[in-house]
Amino acid sequence: MPRQSSTSIAAIVSQFVDQLSGALEEEALNRAREAVLSAVGGGTRRGPGRPAGPQRGPGRPPGRPRKKPPIQYCPVPGCTNRAAPVFGMLCSEHKGLPKAKVKKYRADRRAEREKAKEKAKT
Ligand SMILES: [Zn+2]
């Protein structure tokens, strides 16, 4: 039983190969042209002095967002300013306060909070 179709398949394949090699050649030419253009400076894809790839600013490593501590307020009674670690967890107004006083304020505040808790419970 002769295989008639095999010859036609071979013809199709060879035709396809011809087309493919032609297309590949064209693409290679295009790429070469592009490369030459961008090397010469005719490329408009990116500006000068700008490196490829994602740029990250200096500082913390990527993928780990900075965890913000809860906002703390100045322990001085009547003061509603926010405390900052640079001021010893006091506000900028009370940063010069002696530590003993601050400690007392904190203790007072804690006692008050405990009292409020007890009240809420009962
Ligand atoms: Zn304060």
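User: How exposed is Asn81, by relative accessible area?

Analyst: This is a predicted model. Asn81 counts as partly exposed because its value falls between the 20% limit for buried and the 50% limit for exposed. The relative accessible area of Asn81 is 28%.

User: Which residues is Asn81 in contact with, leaving aside neighbours within four places in sequence?

Analyst: Asn81 sits in the loop between α1 and α2. Its C-alpha lies 5.8 Å from that of Cys91, although 10 residues separate the two in sequence. Cys91 is also among the contacts of Asn81. With sequence neighbours within four places left aside, the full set is Tyr73, Cys74, Cys91 and Glu93.

User: Which protein atoms are the donors of the zinc ion?

Analyst: The donors lie 1.8 to 2.3 Å from the zinc ion. Along the chain they follow the spacing C-x4-C-x11-C-x2-H. That pattern calls for cysteines and a histidine. The atoms are Cys74 (SG), Cys79 (SG), Cys91 (SG) and His94 (ND1).

User: What arrangement do the 4 donor atoms around the zinc ion make?

Analyst: The angles at the zinc ion run from 100 to 116°. Four donors count as tetrahedral if all angles lie between 85 and 135 degrees. For reference, the ideal angle for four tetrahedral donors is 109.5 degrees. The computed angles therefore make the arrangement tetrahedral.

User: How many residues apart are Cys79 and His94?

Analyst: Both Cys79 and His94 are donors of the zinc ion. Each is in the loop between α1 (4-40) and α2 (99-121), and the pair links distant parts of the chain. Their separation is 15 residues.

User: Is His94 buried or exposed?

Analyst: His94 lies in the loop between α1 and α2. It touches Cys74, Val76 and Cys79, not counting residues up to four places away in sequence. Its relative accessible area is 17%, and the limit is under 20%, so His94 is buried.

User: What share of the 122 residues in the protein is buried?

Analyst: The protein has 2 helices and 0 strands. Cys79 and His94 are both buried. Over the 122 residues, the buried share is 9%.

User: What share of the contacts with a separation of 6 or more comes from residues 24 or more positions apart?

Analyst: Here the count takes in contacts in the protein with a separation of 6 or more. Of these, residues 24 or more positions apart account for 20%.

User: What is the volume of the largest pocket?

Analyst: Residues lining the largest pocket include Arg66, Lys68, Gln72, Arg82 and Met89. By class, the lining has 7 nonpolar, 1 polar and 3 charged residues. The volume is about 230 Å³.

User: What is the phi of Met89?

Analyst: Met89 is in the loop between α1 and α2. It is partly exposed, with a relative accessible area of 21%. Most residues other than glycine have a negative phi. Met89 is not a glycine, yet its phi is positive, at about 60°.

User: Which residues does Arg106 contact, leaving aside its neighbours within four places in sequence?

Analyst: Arg106 belongs to helix α2. It is partly exposed, with a relative accessible area of 27%. Leaving aside neighbours within four places in sequence, its contacts are Gln72, Pro75, Gly88 and Met89.

User: How far apart in space are Arg106 and Cys74, C-alpha to C-alpha?

Analyst: Cys74 is one of the donors of the zinc ion, while Arg106 is in helix α2. In sequence, Arg106 and Cys74 are 32 residues apart. In space, C-alpha to C-alpha, the distance is 9.3 Å.

Terms used. Residues are numbered from 1 along each chain as its sequence is written. This is a predicted model: local features need pLDDT of at least 70, side-chain atom pairs count only at pLDDT 80 or more; totals for chains, interfaces and linings use all residues. Side-chain values use heavy atoms; hydrogens and water are left out. On a 1 Å grid over the protein atoms alone, a cavity is a set of points where a 1.4 Å probe fits but cannot get out, and a pocket is an open set with protein on both sides within 12 Å along at least five of seven lines; lining residues have an atom within 4 Å of a point. Grid points are joined across faces, edges and corners, and a volume is the space filled by probe spheres set on the points. Ala, Val, Leu, Ile, Met, Phe, Trp, Tyr, Cys and Pro count as nonpolar, Asp, Glu, Lys and Arg as charged, and the others, Gly among them, as polar. Donors are N, O and S atoms within 2.8 Å of the metal (3.2 Å for Na, K and Ca); water is not among the atoms, so sites may look incomplete. Four donors count as tetrahedral if all angles lie between 85 and 135 degrees; four count as square planar and six as octahedral if opposite donors are over 155 degrees apart and all others between 65 and 115; anything else is irregular. Helices (H or I, at least four residues) and strands (E, at least two) are DSSP runs, numbered from the N terminus. Buried means under 20% relative accessible area, exposed over 50%, partly exposed in between (1.4 Å probe, protein chains only). Contact means heavy atoms within 4.5 Å.
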